[in-house]
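Please open the model in your viewer and keep the selection tool at hand; the stops below move from one helix to the sheet beside which you will be asked to look.

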Amino acid sequence: MRKPLDRKLPRFDQRGVIATELAIVLPFLLILFLSIVDLGMLIRNHQILENAAREGARYSSLPKNWVDPRNPPGSEDNIRQRIIDYCSESGITVDPAGITIDQNYSIAVGSRTFRASRIEVRYQETQLTPGTRLLVGDPVVITSEAIFRNLY
């Protein structure tokens with residue numbers, strides 16, 4: 001009967017390898033994580049702006065908000081303020097100049113044409129991580145639009 005050979009393989013010192021690998025990979029993982037968080041915040045802000053534009057268009061379509069010289073209570077400033085208030089509840093500060101209101105927008109439904117209120121809200125997002133800036137650029141302009149048929 002033969003005795004198995006008792007070989008000893010050379011053993012390399014592995015101390016510090018994991019720490020070195022972590023030091024190399026950690027910056028990339030952090031940028032990836034922060035980019036995912038930023039992308040989630042961009043999507044959240046876009047959804048809030050969509051809802052604000054929808055609320056503004058709904059509010060603008062009501063008869064009491066028709067902007068007309070014969071209808072003094074109706075004012076674009078009231079509609080803008082409604083949109084700004086909606087956004088500020090969620091922590092977004094919208095510039096009033098970034099809100100476009102068109103109460104004479106035409107929409108076709110079948111063979112008929114109706115007047116509608118079209119609201120466009122533009123918001124400039126500037127707080128991005130370096131990883132997200134590389135992917136989408138800085139600053140990011142988010143645009144939302146909503147159209148409601150006028151009730152007047």
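A residue is called buried here if its relative accessible area is under 20%, exposed if over 50%, and partly exposed in between (1.4 Å probe, protein chains only). The model is predicted, so local features need pLDDT of at least 70 and side-chain atom pairs count only at pLDDT 80 or more, while totals for chains, interfaces and linings use all residues. Residues are numbered from 1 along each chain as its sequence is written, and side-chain values use heavy atoms, with hydrogens and water left out.

Select helix H2, residues 76-88 (helices, H or I, of at least four residues and strands, E, of at least two are DSSP runs, numbered from the N terminus). Which residues of H2 are buried? They are Ile79, Arg80, Ile83, Ile84 and Cys87, and they lie on the same side of H2 because they cover an arc of only 135 degrees around the axis, taken from the directions from the helix axis to the C-beta atoms.

Next, add what covers these buried residues, including helix H1 (17-60), strand E1 (99-109) and strand E2 (112-125).

Now display the sheet, which is open and has three strands in the order E1-E2-E3 with antiparallel pairing; two strands pair if DSSP finds at least two bridges between them. E1 and strand E3 (140-149) are the edge strands, each pairing on one side only. Between E1 and E2 there are nine bridges, and Ile99 stands opposite Val121 in E2.

Finally, bring H1 back into view: H1 packs on the sheet and touches E1, E2 and E3, where contact means heavy atoms within 4.5 Å.

Note on methods:
Axes fitted to C-alpha atoms, helices over the stretch in contact; angles between N-to-C directions.
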